[in-house]
Amino acid sequence: MTIRFALLGAGRIGQVHAKAVTSNPLAKLVAVAEISEEAANAVIAIYGGEFRDIDTIANSDDIDAVLICTPTNTHADLIEKFARAGKAIFCEKPIDLSIERVRACLKVVEETGAKLMVGFNRRFDPHFIALKETVEAGRIGKVEMVNIISRDPGAPPAEYIKVSGGIFKDMTIHDFDMARFLLGEEIDTVIASASVLVDPEIGELGDYDSANLILTTASGKQCAISNSRRATYGYDQRIEVHGSLGMVAAENQREVSIEVATKDGYTRPPLYDFFMTRYIAAYAAEITTFISMLTDDTPPTPSGQDGLRSLIIAEAALMSVAEGRAVKLSEVS
Ligand SMILES: NC(=O)c1ccc[n+]([C@@H]2O[C@H](COP(=O)([O-])OP(=O)(O)OC[C@H]3O[C@@H](n4cnc5c(N)ncnc54)[C@H](O)[C@@H]3O)[C@@H](O)[C@H]2O)c1
């Protein structure tokens, strides 16, 4: 069975998913919707498919599933439209910036019985899967603490920042999902500190570019997250899980893994430059998993509820920064 896809939005992440879909023997890219003809044509030239507008795609019998890769402020409307049109939906994170809007959107998903997967791609990274499997096998005992370092090589353009919802809802949201995934418990409390150390324009837009957070579960398990919109040495993505019997760590990945030792010391090749290269295997596995969940008729994971949970943590983090105190998730949800 071949799943016939339409891509909505052919920007940075849309191009990544177009590649993943067209590399998968069980999938076909049938149509691309874009407000930029240039962006659509660039993707169609490489990956095929034809240009169609959103309404035509919703009414197309030759489309089984859509990939929502448009800016965040369009996601909830598009999810509702395609849920009502009977299409399976893969939607990039976050679903929306408002908890209430996400709840209303998920109600439509539930009522229509639509299949929805949210794009928390890091759950599909082979290194992070190995972390999770090590934890589940009991090799480090009972999980106590998770440490996540997640630094982008550089900040996105101001136009992106303006509609992104800010660092917690745009960037840290991936780390919130990993914290839930690895701790295996829901977060109860958030303490966050955030500032503007990288780019004053980000501050002028009301956002932050540097943050540290501590998430705690009801049983006391903790996750520390460190974020920056700048890392001069590449895309810095490290995770440690500490447990009662030991520790498991996922180190930074490189395109080439060698180490050169001379009298001047040790050197290693640079890290991957950003998400499009570092997580390429994860994006491909994410689409493969989405396809098998559709063909096997199993509920897609990460689900809309996973998207909502991480958004609630982001809202609590914002409140924590604004009020300078620990915030319980029950205060924002
Ligand atoms: N999971 C990840 O790792 C990851 C990485 C990057 C971005 N994202 C998410 O993906 C979304 C897109 O981010 P991006 O970086 O690709 O942005 P982008 O600006 O590069 O691309 C968005 C594209 O959508 C098009 N577009 C805008 N409105 C449209 C509409 N109504 N219909 C059709 N096309 C439309 C734009 O012309 C643009 O080409 C955001 O929600 C972002 O949070 C996720």
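The legends below accompany close-up views of a predicted model.

**View 1. The ligand and the residues around it.**
The ligand of this predicted model sits in the largest pocket. Its surroundings comprise 24 residues, of which Arg12, Glu34, Thr72, Glu92 and Tyr283 come nearest. By character, the residues of this shell divide into 10 nonpolar, 9 polar and 5 charged. Two helices each supply at least two residues of the shell, namely helix H1 (12-22) and helix H8 (167-183).

**View 2. Polar contacts between side chains and the ligand.**
Which distances separate polar side-chain atoms of arginine 12 and tyrosine 283 from oxygen atoms of the ligand? For arginine 12, the distance from a polar side-chain atom to a ligand oxygen is 2.8 Å. Tyrosine 160 places an N or O atom of its side chain 3.3 Å from an oxygen atom of the ligand. For tyrosine 283, a polar side-chain atom lies 2.6 Å from a ligand oxygen. On its own, the ligand has 850 Å² of accessible area, and the protein covers 84% of this area.

**View 3. The open sheet of 7 strands.**
This sheet follows the order E12-E11-E7-E10-E9-E8-E15, and its pairing is mixed. Its edge strands are E12 and strand E15 (327-328), each of which pairs on one side only. At the end of the order that holds E15, this strand is joined to E8 by 2 bridges, and the two run antiparallel. Within this pair, valine 190 has valine 327 of E15 as its bridge partner. Strand E8 (residues 187-195) also pairs with strand E9 (residues 210-217), in the antiparallel sense and over 8 bridges. There, the bridge partner of alanine 192 is leucine 213 in E9.

**View 4. Strand E11 between its two partners.**
Which strands flank E11 in the order of the sheet? The order places E12 on one side of E11 and E7 on the other. Strand E7 (residues 143-151) pairs with strand E11 (residues 236-243) over 8 bridges, in the antiparallel sense. One of the residue pairs here is isoleucine 148 with isoleucine 239, the latter in E11. Isoleucine 239 also stands opposite alanine 250 in E12. The pairing of E11 with strand E12 (residues 246-250) is antiparallel as well and has 5 bridges. In this second pairing, glutamate 240 has alanine 249 of E12 as its bridge partner. E11 and E12 form a hairpin, with 2 residues between the two strands.

**View 5. The open sheet of 6 strands.**
In this sheet the strands take the order E3-E2-E1-E4-E5-E6, with parallel pairing. Strand E3 (50-51) and strand E6 (116-118) stand at the edges with a single partner strand each, so one side of each is left without a neighbour in the sheet. Strand E4 (residues 65-68) and E5 are joined by 4 bridges and run parallel. Across this pairing, valine 66 stands opposite isoleucine 89 in E5.

**View 6. The loop that holds proline 94.**
Is the peptide bond from lysine 93 to proline 94 cis or trans? The bond is cis, with omega near -15 degrees. Most residues other than glycine have a negative phi, and most peptide bonds are trans. Against that background, the bond from lysine 93 to proline 94 is cis. Proline 94 is located in the loop between strand E5 (88-91) and helix H5 (99-112). Strand E5 is also the strand that holds isoleucine 89, the residue opposite valine 66.

**View 7. The loop between helices H11 and H12.**
Where does proline 302 lie? Its place is in the loop that links helix H11 (280-295) and helix H12 (304-323). The peptide bond from threonine 301 to proline 302 is cis, and omega is near 0 degrees. Aspartate 297 is likewise found in the loop between H11 and H12. Although aspartate 297 is not a glycine, its phi is positive, at about 60 degrees.

Terms used: Residues are numbered from 1 along each chain as its sequence is written. This is a predicted model: local features need pLDDT of at least 70, side-chain atom pairs count only at pLDDT 80 or more; totals for chains, interfaces and linings use all residues. Side-chain values use heavy atoms; hydrogens and water are left out. A residue is near a molecule or strand if one of its heavy atoms lies within 4 Å of it. A polar contact is a pair of N or O atoms within 3.5 Å; within protein, one must be able to donate a hydrogen and the other to accept it, and residues adjacent in sequence count only if both atoms are side-chain atoms. Accessible areas come from the Shrake-Rupley method with a 1.4 Å probe; for residues, only the protein chains shown count as cover. On a 1 Å grid over the protein atoms alone, a cavity is a set of points where a 1.4 Å probe fits but cannot get out, and a pocket is an open set with protein on both sides within 12 Å along at least five of seven lines; lining residues have an atom within 4 Å of a point. A molecule sits in a cavity or pocket if more than half of its atoms lie within 2 Å of its grid points. Ala, Val, Leu, Ile, Met, Phe, Trp, Tyr, Cys and Pro count as nonpolar, Asp, Glu, Lys and Arg as charged, and the others, Gly among them, as polar. Two strands pair if DSSP finds at least two bridges between them.
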